[in-house]
Amino acid sequence: MTKEIAGKTLEQWKENPYIKDIIEENDVFWINDKKGSFEEEKDQVEYTGQDVKDAEDRLKRFAPWLEMTFEDTKKLNGLIESPYSKIDQFKADVEARYDTEIIGDLYLKRDDLLPIAGTIKARGAIYEVLVHAEKVAIEQGLLSGYDDDYTKFASDEFQNYFKDFSVVVGTTGNLGISVGVMAAAFGFKAIVHMSSEAKQWKKDYLRQNGVEVIEHNTNFTEAVEQGRAASEADPNSYFVDDENSEHLFLGYTTAASRLKAQLEDDGIVIDDDHPLFLYLPCGVGGSPGGITFGAKHTFGDNVYAFFAEPTHVPSLILGLLTGEYSNVSVNDFGIDGKTVMDGLAVPRTSQFVAKVMEHFFDGGYTLSDEESNRNLTRLVDTEDIFLEPAATAGLSGAAFLFKTEEGQKFIQDKGLTEKMANATHVAWATGGSMVPEEDRKKFYEAGK
Ligand SMILES: *Cc1c(COP(=O)(O)O)cnc(C)c1O
């Protein structure tokens, strides 16, 4: 009997031309045409604009403590936010490479420069640790309520109290840095479970920051499971669950209102005649999902959001196209899951994020490692900006929108043809500033 994947054979799945291309590891540009307008969709999911607002308020409450604890948050008074910049030279390069014209302006959102952790995880993961610290402090009577003085988190009283509580995460990389450093800053016992493939510099960095690193001679999934089991055995332990975390998702949503304020400061208008396009690197889906959710609540139907995945790890697009979400992994379809874009190397999407985002994502695309390498090197050459491989995935998005038939049809169907001259395209750069010099050289050479 032929092997089945969620009730169908590989050949049956391949009857859908997009699924066929994905299984064959070709790059695709796919439009989510099931989705309605924001007004129609916003009440179809369990999260609301109030959840975004709550997350923004929580980050504001903690700003005074963040400012006194982390030097690099001082200039924004405790706000964890990144700048953005126009990348005209790179735009010309990517147009030439893909033989297309990107109409509108192309910008890069520099989450590689976020304070504290230097990756997009600093939005979601740090937020999740704040939620937990606040909850413990209120439950234990250390804080009287949300209007208490949050700089008390720096006091010996709080720090000594938190020593008996631990925060645990299983990861190969960036999530561990954000969670670990943040948990240690509160005085929590911070424990990061890592698999054998995790980079040595990440383990060293965590240990230097007071984080306990437990190494497993197993793969990523097993390291996470062992971390989860150890955490669940201890009632004073909190486990950050990358695949199912609502707090991570909500932390990311706050990026959108911040972006709106930044664009407004620079006189960049987003309205019915001036569309905004976001191109977001996607791993489990939490960060692109959260940012898109916040963006739709901020800009409504004037923002269009596309997620970007490696051709060898198309987990979210496969979850959506098959309608099987996290029930299928890319490996089930014979896709190897190996990519230079290590921050996106998640073989199975997040069930809850995929289901929510079906209502909000405009589409997604995949790109090859060669294209990622080339983006990385050319961004250094043209703009003198270094990103880690995963962070370059958004850089092909605008070119794909104009180059592909699907993209052109999308522009027409949405009535955007005349408006594209006013469009703002934002490729979201998700990390890079922490990568050691020798790794940078290797990555740069790979895209020469
Ligand atoms: C985690 C990560 C992403 C993707 O975020 P998900 O929430 O996993 O989708 C993208 N880029 C970098 C650098 C990351 O570390």
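The following paragraphs describe the ligand site, one helix and several individual residues of a predicted model.

The ligand is surrounded by 14 residues, of which Lys121, Asn174, Gly283, Ser287 and Thr430 come nearest. Sorted by class, this shell consists of seven polar, five nonpolar and two charged residues. Helix α13, spanning residues 286-299, supplies the largest share of the shell, with three residues. Polar atoms of both side chain and backbone approach oxygen atoms of the ligand. For Asn174, a polar side-chain atom lies 2.8 Å from a ligand oxygen. For Gly283, the atom concerned is a backbone N or O, at 2.7 Å from an oxygen atom of the ligand. A polar backbone atom of Gly286 is placed 3.2 Å from a ligand oxygen. On its own the ligand has 380 Å² of accessible area, and the protein covers 98% of that area.

Helix α16 comprises 15 residues, 369-383. A rise of 1.5 Å a residue gives an expected span of 21 Å, and because the end C-alpha atoms of α16 are 21 Å apart, the model agrees with that expectation. The buried residues of α16 are Asp369, Glu371, Ser372, Asn373, Asn375, Leu376, Thr377 and Leu379. An α-helix has 3.6 residues a turn, so residues three or four places apart point the same way. The packing partners of the buried residues of α16 include both helices and strands: α5 (88-98), α17 (397-403) and α19 (437-446), together with β5 (105-110) and β12 (363-367). The residue after the helix is Asp384, which has a positive phi near 60°.

Two acidic residues form polar side-chain contacts with arginines. Glu134 belongs to helix α6, residues 121-139. Its relative accessibility is 3%, so Glu134 counts as buried. The side chains of Glu134 and Arg58 are joined by a polar contact of 2.6 Å. When neighbours within four places in sequence are set aside, the residues in contact with Glu134 are Arg58, Arg61, Phe62, Tyr146, Tyr150 and Phe153. Arg58 is thus both a polar partner of Glu134 and a member of its contact list.

Asp241 is located in a loop, between β9 (237-240) and α11 (246-253). With a relative accessible area of 14%, Asp241 falls under the 20% limit and is therefore buried. Its side chain makes a polar contact of 3.0 Å with the side chain of Arg228. Apart from residues up to four places away in sequence, Asp241 touches Arg228 and Leu248.

Glu222 is placed in helix α10, residues 220-232. At 42% relative accessibility, Glu222 is classed as partly exposed. Glu222 and Glu246 are 24 residues apart along the chain, and their C-alpha atoms are separated by 22 Å.

A further loop position is Ala423, between α18 (405-413) and β13 (424-429). Its relative accessible area is 2%, so Ala423 is buried. Ala423 and Phe277 are 146 residues apart along the chain, yet the distance between their C-alpha atoms is 7.4 Å. Phe277 is also one of the contacts of Ala423, which, without neighbours within four places in sequence, are Ile103, Gly104, Asp105, Pro275 and Phe277.

Positive phi values occur at two loop residues that are not glycines. Glu25, with a phi of about 60°, sits in the loop between α2 (17-23) and β3 (29-31). Its relative accessibility of 26% is why Glu25 counts as partly exposed. Tyr325 has a phi of about 50° and lies in the loop that runs between α14 (315-322) and α15 (351-357). At 13% relative accessibility, Tyr325 counts as buried.

Methods:
Residues are numbered from 1 along each chain as its sequence is written. This is a predicted model: local features need pLDDT of at least 70, side-chain atom pairs count only at pLDDT 80 or more; totals for chains, interfaces and linings use all residues. Side-chain values use heavy atoms; hydrogens and water are left out. A residue is near a molecule or strand if one of its heavy atoms lies within 4 Å of it. A polar contact is a pair of N or O atoms within 3.5 Å; within protein, one must be able to donate a hydrogen and the other to accept it, and residues adjacent in sequence count only if both atoms are side-chain atoms. Accessible areas come from the Shrake-Rupley method with a 1.4 Å probe; for residues, only the protein chains shown count as cover. Helices (H or I, at least four residues) and strands (E, at least two) are DSSP runs, numbered from the N terminus. Ala, Val, Leu, Ile, Met, Phe, Trp, Tyr, Cys and Pro count as nonpolar, Asp, Glu, Lys and Arg as charged, and the others, Gly among them, as polar. The expected span of a helix is 1.5 Å times one less than its number of residues. Buried means under 20% relative accessible area, exposed over 50%, partly exposed in between (1.4 Å probe, protein chains only). Contact means heavy atoms within 4.5 Å.
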